[in-house]
Amino acid sequence: MAAHERKKEEKSRTKWLLLFLLLLLLIASISITIWALFFRRVPTLAPDYAPRQEEPYAEDMGDDSDEKLTQVEGGGAVSLTYTTEVHIVLSEERATLYFANPSKSNQDMVLQILVQDVVIAQSGTILPGKQIEKLDLLEDAAAKLQPGGYNGEFVVLYYQPDTHEKTIVNTEIPVNITVES
Amino acid sequence: MKTKKVFAAILALALAMGFGTTAFAKENTHTTPGTETIGVEGSYVGTGNLTDRYSVKIEWGEMTFTYNTTGDRTWDPETHTYSVTDTDGWKASGNTVTVTNHSNLPVDVAFSFTKADVNGTYTGTMSVTSQQLAAGVENKPAEADSVQSTLTLDGTLNALQTTSTKLGDITVSLTAVETQP
């Protein structure tokens, strides 16, 4: 009789242990799901092909009459105009800057703004003859910044206008970023 | 009689004041007899600011590199490499990058090569790694300061890499020059 009771007790303990393990497994899987959905940092990679979408904030420079730069076959020739001051308003999740791809350029461009090697903003395609004065921050980028000054960087990527392929040359430009709430 | 004296005193005073005035004028305008020097004074008044805006031109060739091998290739099972003859090497075409500064400020230019994730023991070297370009001179765009840097590859490419592939990226860094106040 006592052996039967002990066996029953042992069985019950095993059941509880199994339930406890299952509960732990459930908590772990819920935690991983929450992390993956809300906290996982998705790296922004430079596209190998120019984005199909043109930059929505791009405006005409009005320099259509300028002659195109001479370009060797298979090579590239670009002219870029910019200032090194960037202003970010966190509440608007937007950066104010000046960057232009003059009409004489032979390549499309994509502009990235980096802070401490993290991409916080990336433009659509900036065609020759277009300039931008503002750029929306990437999702969650505002949450990573605080009011103050940052040493940032413009990364300019060049794309062949016919194949949309990224060229071998890119450009990095250190910029001063001021962030306000 | 008294009236005569008062009149004479007033006349003398008037004459004395007149001499004094002449003396001041002389001190200011005449240096040598027959020569007149007129002091010209000026000051800058303006509501507009001079805007520092960078404008840089970047040109590059087709950047084609071919690893030529003239001898037989023998597989070495110990090192898992192909042995190649000494006459083998890289043949480059359009491997130069040119940067021209059309800004109203000097710019520090730096060139670097980053190897792509391609099988091969090659490395890339830029002939010029950094140089400061002077600011553009007003009305002389044709005399803008420029620098050329040529990419050369050393080492070998995997013998199985017979189709054209991207071997790496060239980064052109454009940094504002810190000026002393």
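On a 1 Å grid laid over the protein atoms alone, a pocket is an open set of points with protein on both sides within 12 Å along at least five of seven lines, while a cavity is a set of points where a 1.4 Å probe fits but cannot get out. Grid points are joined across faces, edges and corners, and a volume is the space filled by probe spheres set on the points. Rolling a probe the size of a water molecule over the atoms shows where empty space is left.

The model is a predicted one, so to speak of a local feature takes a pLDDT of at least 70, and side-chain atom pairs count only at pLDDT 80 or more, while totals for chains, interfaces and linings use all residues. Residues are numbered from 1 along each chain as its sequence is written, chains are lettered from A and ligands numbered from 1 in the order in which they are written, and side-chain values use heavy atoms, with hydrogens and water left out.

With that settled, here is the pocket. The largest one has a volume of about 1,300 Å³. Its lining (residues with an atom within 4 Å of a point) counts 44 residues, and the ones nearest the centre are Thr163(B), Ser164(B), Thr165(B), Lys166(B) and Leu167(B). Elements giving two or more residues to this lining are strand E9 (166-180) of chain A, plus strands E2 (64-68), E4 (81-83) and E10 (146-154) of chain B. E2(B) gives the largest share, 4 residues. Strands (E, at least two residues) and helices (H or I, at least four) are DSSP runs, numbered from the N terminus. By type, the lining splits into 17 nonpolar, 20 polar and 7 charged residues. Here Ala, Val, Leu, Ile, Met, Phe, Trp, Tyr, Cys and Pro count as nonpolar, Asp, Glu, Lys and Arg as charged, and the others, Gly among them, as polar.

Zooming out to chain B, there is 1 helix and there are 11 strands. The helix comes ahead of the strands in the pattern read along the sequence, α-β-β-β-β-β-β-β-β-β-β-β. Of the 181 residues in chain B, 25% are buried; buried means under 20% relative accessible area, exposed means over 50%, and partly exposed is in between (1.4 Å probe, protein chains only). Chain B exposes about 13,000 Å², with carbon and sulfur atoms supplying 54% of it. Such areas come from the Shrake-Rupley method with a 1.4 Å probe, and for residues only the protein chains shown count as cover. Among the contacts in chain B (heavy atoms within 4.5 Å) with a separation of 6 or more, 73% involve residues 24 or more positions apart.

Next come the aromatic rings. Over all chains, the structure holds 5 aromatic pairs. Rings of Phe, Tyr and Trp (its six-membered ring) pair if their centres lie within 6.5 Å; planes under 30 degrees apart count as stacked, over 60 as edge-to-face and the rest as tilted. Tyr82(A) and Tyr54(B) are stacked, because their ring centres are 5.2 Å apart and their planes sit at 10 degrees. This pair joins two chains, since Tyr82(A) lies in strand E2 (residues 76-82) of chain A and Tyr54(B) in strand E1 (residues 54-60) of chain B. Both Tyr82(A) and Tyr54(B) are buried. Tyr67(B) and Trp90(B) also have ring centres 5.2 Å apart, but with planes at 70 degrees, so that pair is edge-to-face. It links distant parts of the chain, with Tyr67(B) in strand E2 and Trp90(B) in strand E5 (residues 89-93) of chain B, 23 residues apart. Tyr67(B) and Trp90(B) are buried too, and ring pairs tie them together with Tyr122(B) in a cluster.

Tyr122(B) turns up again beside Lys115(B), which sits in strand E7 (residues 107-115) of chain B. Lys115(B) touches Gly120(B), Tyr122(B), Leu167(B) and Gly168(B), leaving aside residues up to four places away in sequence. The C-alpha atoms of Lys115(B) and Leu167(B) are separated by 6.1 Å, though the two are 52 residues apart along the chain. At 34% relative accessibility, Lys115(B) is partly exposed.

Finally, some backbone angles. Most residues other than glycine have a negative phi. Met63(B), in the loop between E1 and E2 of chain B, has a positive phi near 50 degrees and is buried at 10% relative accessibility. Asn139(B) has a positive phi as well, about 65 degrees, but counts as exposed at 75%.
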